[in-house]
Protein chains: 2
Amino acid sequence: MYHCPVELALDVIGGKWRTVMLAHLKERPHHYGELRRKVPGISEKMFVQRLRELQDAGLVSRTEISPHVQYSLTDEGRSLGPALQALYDWGVERAARTGASIVGT
Amino acid sequence: MYHCPVELALDVIGGKWRTVMLAHLKERPHHYGELRRKVPGISEKMFVQRLRELQDAGLVSRTEISPHVQYSLTDEGRSLGPALQALYDWGVERAARTGASIVGT
DNA sequence: CGGAATCCATAGGGATACTG
DNA sequence: CAGTATCCCTATGGATTCCG
């Protein structure tokens, strides 16, 4: 039971790491270890946990390929594109205004 | 130090309540008690805390008027419009797809 | 490689009562 | 009305180890 559609959206993509993971997967599919390395600062436990949540939410799909496991965005995940872009753009402007620093990506 | 502009954006508007509060203030300025009543389920402590954070982030302004205190969006707060709208729209679609229920607002 | 399980610390949040 | 101030508690997350 949400009190606002935005609340629902943040319930799915909110938090510190999910959008970072989505941002990388938006570029292209990643192997587990590969994606893992692109999200420094997070613990193993949290990484897996968030990844599972994104899977359970239907935004990310998991495929076992040869000796690897590959993660990619589902159509549902891609439907977040405009929203993520809007947040991205605002984040860029805001960083410019406040002097906050953003690394990587 | 963020790893993605979206992370910065979520740092400012993320969490369970801030966007709900912003959504109401986007409609029009509100008195304290008035806004308070529109955000049911949150504790007094969290309500004030979130409101202060939005003020400190420069998204919300506080004005003492006669016996009341009024909160409204600043220009910076209004600059979030497109991003909030995109999230709102996605939230509505998502609710339709998943059957999640959204009340109020 | 791709995780699962465990243990532990603390920050975040709830309920309630009090104040200018 | 518009907040502060406590007290308490549990959910979240970190570090580390183990497993197929």
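Colleague: What is the phi of Gly15(B), the residue that follows H1(B)?
Modeller: In this predicted model, local features need pLDDT of at least 70, side-chain atom pairs count only at pLDDT 80 or more, and totals for chains, interfaces and linings use all residues. Residues are numbered from 1 along each chain as its sequence is written, chains are lettered from A in the order in which they are written, and side-chain values use heavy atoms, with hydrogens and water left out. Helices here are DSSP runs (H or I, at least four residues), numbered from the N terminus. Gly15(B) comes after H1(B), and its phi is positive, near 95 degrees.

Colleague: Is helix H1 of chain B largely enclosed or open, and which helices of chain A help to cover its buried residues?
Modeller: Eight of the nine residues of H1(B), residues 5–13, are buried (under 20% relative accessible area, 1.4 Å probe, protein chains only), so the helix is largely enclosed by the rest of the structure. Among the buried residues are Pro5(B), Leu8(B) and Val12(B). The cover includes H2, H4 and H6 of chain B, together with, from chain A, helices H1 (5–13), H2 (18–27) and H6 (81–98).

Colleague: Which residue of chain A meets Arg97(B) in a salt bridge?
Modeller: A salt bridge is taken as a side-chain nitrogen of Lys or Arg within 4 Å of a carboxyl oxygen of Asp or Glu, and by that rule four are found across the interface of chain B and chain A. In one of them, at 2.8 Å from N to O, the side chain of Arg97(B) meets that of Glu76(A).

Technical notes: Buried means under 20% relative accessible area, exposed over 50%, partly exposed in between (1.4 Å probe, protein chains only). Helices (H or I, at least four residues) and strands (E, at least two) are DSSP runs, numbered from the N terminus. Contact means heavy atoms within 4.5 Å.
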